[in-house]
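Student: I have a model with a ligand open on my screen. I would like to test each label against its criterion. Can we go through it together?

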Amino acid sequence: MIGKAQGPPVSITGVGAYVPDRVLTNDELSTLVDTSDEWIMERTGIRERRIAAPEQALTDLALPAAKAAIAQAGIEGKDLDLLLCATVTPDMMFPTSSALLADTLGANEAAAYDLLAGCTGFMYALAQAYGMLVAGLAERALVVGGDVLSRILDWTDRSTLVLFGDGAGAVVLEKVEKPGFLGFELGADGGGGIHLSLPGSGSRSMEEATGNGYVHMNGREVFKFATRVLVSSAEAVLERCGAAVEDVDVYIPHQANVRILDHAVQKLGIPRERMIVNVDRYGNTSSGSIPLALAEAQADGRLKKGDLVLMTGMGAGLTWGSALMEWTQ
Ligand code: ACO
């Protein structure tokens, strides 16, 4: 799916993020599984990640992020009429985390639902919220992306354990005077879905096998997929919007692995200093990754009014998604 923005301009008017306090370093991980700080740094660029406390579920991470985004937008929870939560680790399958969040935030008039698109969830949710606002179905949307992947990792599997962390981010979308969002490109390839899966997590009966309920990943295949779609999706949305790579001021890719990110900037021809990187401190936070990076970039003063911002996510499905926008805050 690809499209150039048409209709009333819509933009992000508030951003927030939250990560748990607990820092888990590579050295600590190497006391749990057969790995080392050197191996993890060299293959992934990840130094440490945050891990949710036992009593923290997804909505506990999402709530502070949501409150910060709402406050920055200068609105209140009751002003929201749409709340989307992109996650693969909701508090439970139902009630949805979005409905729970809407209740806590006082968003009593809001439609609220969860969205499953793996690490690409936030990008899919952004596009959906954008479409609902443009269609006139909603005036103010909160889009949350977050995951507590530490709950679905096999803590004896070094090939997945070292990659992921917990965190959440949120943005408010509203109609504004000038765009805002310029276009989106989203896609899915279920044929490759098996390379990143959570067996035993749904209605498909599984043979009693070890590892059910934990993330299974074919790292090499996911690596190849990620490096390919980060480039093709970004190029597609830029072309559709009539923009050139040189025009991109801030590039926010899904924070999976420094090697994947370096490959993308090199292939795309985006100067590395224009890319936001925080995977070294948080690991891969799945749906939380892009809004977390967005919030950090804003806090660091790296997002300025008028900047052309390119975001691309990719993950389980396999799925991918890009958004191009002019920063209007
Ligand atoms: N510590 C030490 N050794 C390890 C570890 C570890 N944590 N994990 C694997 N190894 C070993 C392997 O067993 C293998 O040993 P062998 O040669 O004796 O068999 C060796 O290291 C090399 O393994 P590879 O899988 O070939 O290592 P590679 O260079 O491909 O790196 C990695 C693995 C980091 C997982 C890489 O494939 C990758 O990043 N893939 C993408 C995964 C990803 O980003 N997933 C996120 C979810 S989806 C998304 O966000 C896009």
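Student: Which helix gives the largest share of the shell around the ligand?

Tutor: H7 does, with 4 residues. Keep in mind that this is a predicted model. H7 spans 219-240. Helix H2 (37-44), helix H6 (158-161) and helix H8 (258-268) also give two or more residues each.

Student: What makes a residue part of that shell?

Tutor: One of its heavy atoms must lie within 4 Å of the ligand. 23 residues surround the ligand. The closest are Thr35, Arg43, Arg220, His254 and Asn257.

Student: What makes the pair between Asn257 and the ligand a polar contact?

Tutor: The cut-off is 3.5 Å between N or O atoms. An N or O atom in the Asn257 side chain is 2.6 Å from an oxygen atom of the ligand. That is within the cut-off, so the pair is a polar contact.

Student: Which values put Arg158 and Asn284 to the test?

Tutor: For Arg158, a side-chain N or O atom is 2.9 Å from a ligand oxygen. For Asn284, a polar side-chain atom also lies 2.9 Å from an oxygen atom of the ligand. Each value is within 3.5 Å, so both count as polar contacts.

Student: How much of the ligand does the protein cover?

Tutor: It covers 76% of the 1,000 Å² of accessible area that the ligand has on its own.

Student: How do the shell residues divide by type?

Tutor: There are 11 nonpolar, 7 polar and 5 charged residues.

Student: How do you know which domains supply the shell?

Tutor: Count by domain. Domain 1 (2-175) and domain 2 (181-326) each give at least three residues to the shell.

Student: How far apart are the centres of domain 1 and domain 2, and how many residues make the contact?

Tutor: The centres, taken over C-alpha atoms, are 14 Å apart. The contact takes 56 residues from domain 1 and 50 residues from domain 2.

Student: What area is buried between domain 1 and domain 2?

Tutor: About 4,000 Å², with 65% from carbon and sulfur atoms. On the domain 1 side, Ile2, Cys119 and Met123 lose the most area to domain 2. Together they make up 17% of what that side buries.

Student: Now the backbone. Which peptide bonds are cis?

Tutor: One joins Phe94 and Pro95, with omega about 5 degrees. Pro95 lies in the loop between strand E5 (82-86) and helix H4 (97-105). Another joins Pro179 and Gly180, with omega about 25 degrees. Gly180 sits in the loop between strand E8 (166-175) and strand E9 (181-188).

Student: Why would one flag a positive phi or a cis bond?

Tutor: Because most residues other than glycine have a negative phi, and most peptide bonds are trans.

Student: What is the phi of Ser286?

Tutor: About 60 degrees, a positive value, although Ser286 is not a glycine. Ser286 is in the loop between helix H9 (279-282) and helix H10 (289-299).

Notes. Residues numbered from 1 in each chain as written. Predicted model: local features only at pLDDT ≥ 70, side-chain atom pairs only at ≥ 80, totals over all residues. Heavy atoms only, no water. Polar contact = N/O pair within 3.5 Å; in protein donor to acceptor, adjacent residues only side chain to side chain. Areas by Shrake-Rupley, 256 points an atom, 1.4 Å probe, with all protein chains shown as cover. Nonpolar A, V, L, I, M, F, W, Y, C, P; charged D, E, K, R; others polar. Domains from an automatic or database assignment. Contact = heavy atoms within 4.5 Å. Buried area = accessible area lost by both parts, 1.4 Å probe.
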